[in-house]
Amino acid sequence: MNRAVCLNDIEPGQSAVVKQLLSDGSIRRRLLDIGLVEGTLVECIGRSPGGDPSAYLIRGAVIAIRSEDSTRVMIREMR
């Protein structure tokens, strides 16, 4: 399936490719710095017990991203 969704929509074990960042300001810079650029493969590897933040494997590093920020990262689901 190749529909556009946000990073927060994928479940643990699913992978996706970054399509676009809708963030601006300092959070956009941080997301770019950790490698969330167009074409990057991202895998959700888990969620905290409360559901926020979620852990993602991005370019070999595990990064926790809050739901508030991951909803601004548009992706193409890979499944």
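Serine 67 sits in helix 2, which covers residues 67–70. In this predicted model, serine 67 has a relative accessibility of 17%, so it counts as buried, the cut-off being under 20%. Setting aside residues up to four places away in sequence, serine 67 touches Asn8, Gly51 and Asp52.

One of those contacts, Asp52, leads straight to a backbone oddity. The peptide bond that runs from aspartate 52 to proline 53 is cis, and its omega is near 10°. Proline 53 itself belongs to the loop that links strand 3 (41–47) with strand 4 (54–58). A second backbone feature turns up at arginine 59, in the loop between strand 4 and strand 5 (61–65). Arginine 59 is not a glycine, yet its phi is positive, at about 50°. The residue has 58% relative accessibility, and because exposed means over 50%, arginine 59 falls in that class.

Zooming out, the protein chain is built from 2 helices and 6 strands. Going along the sequence, these elements come in the order β-β-α-β-β-β-α-β. The C-alpha trace spans about 30 × 30 × 20 Å along its principal axes. For 79 residues, a compact globule would be expected to have a radius of gyration near 12 Å, and the 11 Å of the protein chain agrees with that. As for burial, 35% of the 79 residues count as buried. Among contacts with a separation of 6 or more, 61% come from residues 24 or more positions apart.

On the outside, the accessible surface of the protein chain adds up to about 4,500 Å², with 49% of this area belonging to carbon and sulfur atoms. The charged side chains number 11 positive and 10 negative, and 4 Å separates the centres of the two sets.

Back to the strands. Strand 6 takes in residues 73–77, and 4 of its 5 residues are buried, so the rest of the structure largely encloses this strand. Strand 6 pairs with strand 2 (residues 15–21) in the antiparallel sense, and the pairing runs over 5 bridges. Within this arrangement, glutamine 20 has methionine 74 of strand 6 as its bridge partner. As background, side chains in a regular strand alternate between the two faces of the sheet.

Cysteine 44 is part of strand 3. Its relative accessibility is 0%, so cysteine 44 counts as buried. Once neighbours within four places in sequence are left out, the contacts of cysteine 44 are Ile10, Glu11, Pro12, Gly13, Gln14, Ala55 and Tyr56. Cysteine 44 and valine 17 are 27 residues apart in sequence, and their C-alpha atoms are 11 Å apart in space.

Then there is isoleucine 27, found in helix 1 (residues 25–33). Buried would call for under 20% relative accessibility; isoleucine 27 comes in at 21%, so it counts as partly exposed. Isoleucine 27 and aspartate 9 are 18 residues apart along the chain, with 19 Å between their C-alpha atoms.

Notes:
Residues numbered from 1 in each chain as written. Predicted model: local features only at pLDDT ≥ 70, side-chain atom pairs only at ≥ 80, totals over all residues. Heavy atoms only, no water. Helix = DSSP H or I, 4+ residues; strand = E, 2+ residues; numbered from the N terminus. Buried < 20%, exposed > 50% of the residue type's maximum accessible area, 1.4 Å probe, protein only. Rg over C-alpha atoms; globule rule 2.2 N^0.38 Å. Contact = heavy atoms within 4.5 Å. Areas by Shrake-Rupley, 256 points an atom, 1.4 Å probe, with all protein chains shown as cover. Lys, Arg positive; Asp, Glu negative; His and termini not counted. Charge placed at Lys NZ, Arg CZ, Asp CG, Glu CD. Pairing = 2+ DSSP bridges.
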